[in-house]
Amino acid sequence: MKEVCPLCNGIQEIIKNCKRCGGDMIDQGPIVDYLDNYSPYLSNDITQLVDGVSKNECTHLFKCKECNHDKRISIQRVEI
Ligand SMILES: [Zn+2]
Ligand SMILES: [Zn+2]
């Protein structure tokens with residue numbers, strides 16, 4: 001058994017509603033990508049080492065496609 005982020009691994013797709021305009025907020029990928037010179041896919045192990053990131057959660061950046069409002073959302077890891 002291994003705990004992985006369902007979004008990073010393509011198991012699940014999550015779309016959030018924008019609080020500002022009600023539009024669709026699309027997953028922009030895990031937040032570590034933005035902290036580390038934008039490397040497209042970091043392993044989950046590296047993700048877990050980032051300060052402030054809980055072991056059981058992967059923080060993703062969601063961005064509204066209507067108004068560009070963005071928000072960090074913690075995604076619970078799931079066991080596979
Ligand atoms: Zn993730
Ligand atoms: Zn919006």
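## Exercises on two zinc sites and their surroundings

The donor residues of the zinc ion (ligand 1) follow the sequence spacing C-x2-C-x49-C-x1-H. Donors here are N, O and S atoms within 2.8 Å of the metal (3.2 Å for Na, K and Ca); water is not among the atoms, so sites may look incomplete.

The model is predicted: local features need pLDDT of at least 70 and side-chain atom pairs count only at pLDDT 80 or more, while totals for chains, interfaces and linings use all residues. Residues are numbered from 1 along each chain as its sequence is written, chains are lettered from A and ligands numbered from 1 in the order in which they are written, and side-chain values use heavy atoms, with hydrogens and water left out.

**Exercise 1.** Identify the protein donors of the zinc ion (ligand 1) and classify their arrangement.

*Solution.*
- Step 1. The donor atoms are SG of Cys 5, Cys 8 and Cys 58, together with NE2 of His 60, at 2.0 to 2.3 Å from the ion.
- Step 2. Four donors count as tetrahedral if all angles lie between 85 and 135 degrees.
- Step 3. The angles at the zinc ion (ligand 1) run from 102 to 114°, so the arrangement is tetrahedral. For reference, the ideal angle for four tetrahedral donors is 109.5 degrees.
- Step 4. Cys 58 and His 60 are both buried. Buried means under 20% relative accessible area, exposed over 50%, and partly exposed in between (1.4 Å probe, protein chains only).

**Exercise 2.** Describe the site of the zinc ion (ligand 2) and state which parts of the chain the pair Cys 21 and Cys 67 ties together.

*Solution.*
- Step 1. Coordination comes from the SG atoms of Cys 18, Cys 21, Cys 64 and Cys 67, at 2.3 to 2.4 Å.
- Step 2. The four donor atoms subtend angles of 100 to 119° at the zinc ion (ligand 2), which makes this arrangement tetrahedral.
- Step 3. The spacing of these donor residues in sequence is C-x2-C-x42-C-x2-C.
- Step 4. Cys 21 sits in the loop between strand 2 (16-17) and strand 3 (24-30), and Cys 67 in the loop between strand 4 (57-64) and strand 5 (70-76), so the pair ties together parts 46 residues apart in sequence.
- Step 5. Cys 21 is partly exposed at 43% relative accessible area, and Cys 67 is also partly exposed, at 28%.

**Exercise 3.** Summarise the secondary structure and the long-range contacts of the protein chain.

*Solution.*
- Step 1. Helices (H or I, at least four residues) and strands (E, at least two) are DSSP runs, numbered from the N terminus. The chain has two helices and six strands, in the order β-β-β-α-α-β-β-β.
- Step 2. Of its 80 residues, 31% count as buried.
- Step 3. Contact means heavy atoms within 4.5 Å. Among contacts between residues at least 6 apart in sequence, 57% join residues at least 24 apart.
- Step 4. One instance involves Lys 2, in the segment before strand 1. Not counting residues up to four places away in sequence, Lys 2 touches Val 78, Glu 79 and Ile 80. The C-alpha atoms of Lys 2 and Glu 79 are 5.4 Å apart, with the residues separated by 77 places along the chain.

**Exercise 4.** How many salt bridges does a search of the whole structure find, and where do the partners lie?

*Solution.*
- Step 1. A salt bridge is a side-chain nitrogen of Lys or Arg within 4 Å of a carboxyl oxygen of Asp or Glu. The search finds one.
- Step 2. Lys 65 pairs with Asp 24, with 3.7 Å between the closest N and O atoms. Lys 65 is in the loop between strand 4 and strand 5 and Asp 24 in strand 3, so distant parts of the chain, 41 residues apart, are linked.
- Step 3. Lys 65 is exposed at 53% relative accessible area, whereas Asp 24 is partly exposed at 29%.

**Exercise 5.** Which residues make the nonpolar surface patch of about 250 Å²?

*Solution.*
- Step 1. Patches are made of residues with over 30% relative accessible area and no salt bridge; like charges are joined within 9 Å, nonpolar side chains (Val, Leu, Ile, Met, Phe, Trp, Tyr) within 5 Å.
- Step 2. The patch consists of Ile 11, Val 78 and Ile 80. Ile 11 lies in the loop between strand 1 (3-4) and strand 2 and is partly exposed at 49%.
- Step 3. The accessible surface of the whole chain is about 5,400 Å², 45% of it belonging to carbon and sulfur atoms. Accessible areas come from the Shrake-Rupley method with a 1.4 Å probe; for residues, only the protein chains shown count as cover.

How values were computed
Tetrahedral: all angles 85-135°; square planar, octahedral: opposite > 155°, others 65-115°.
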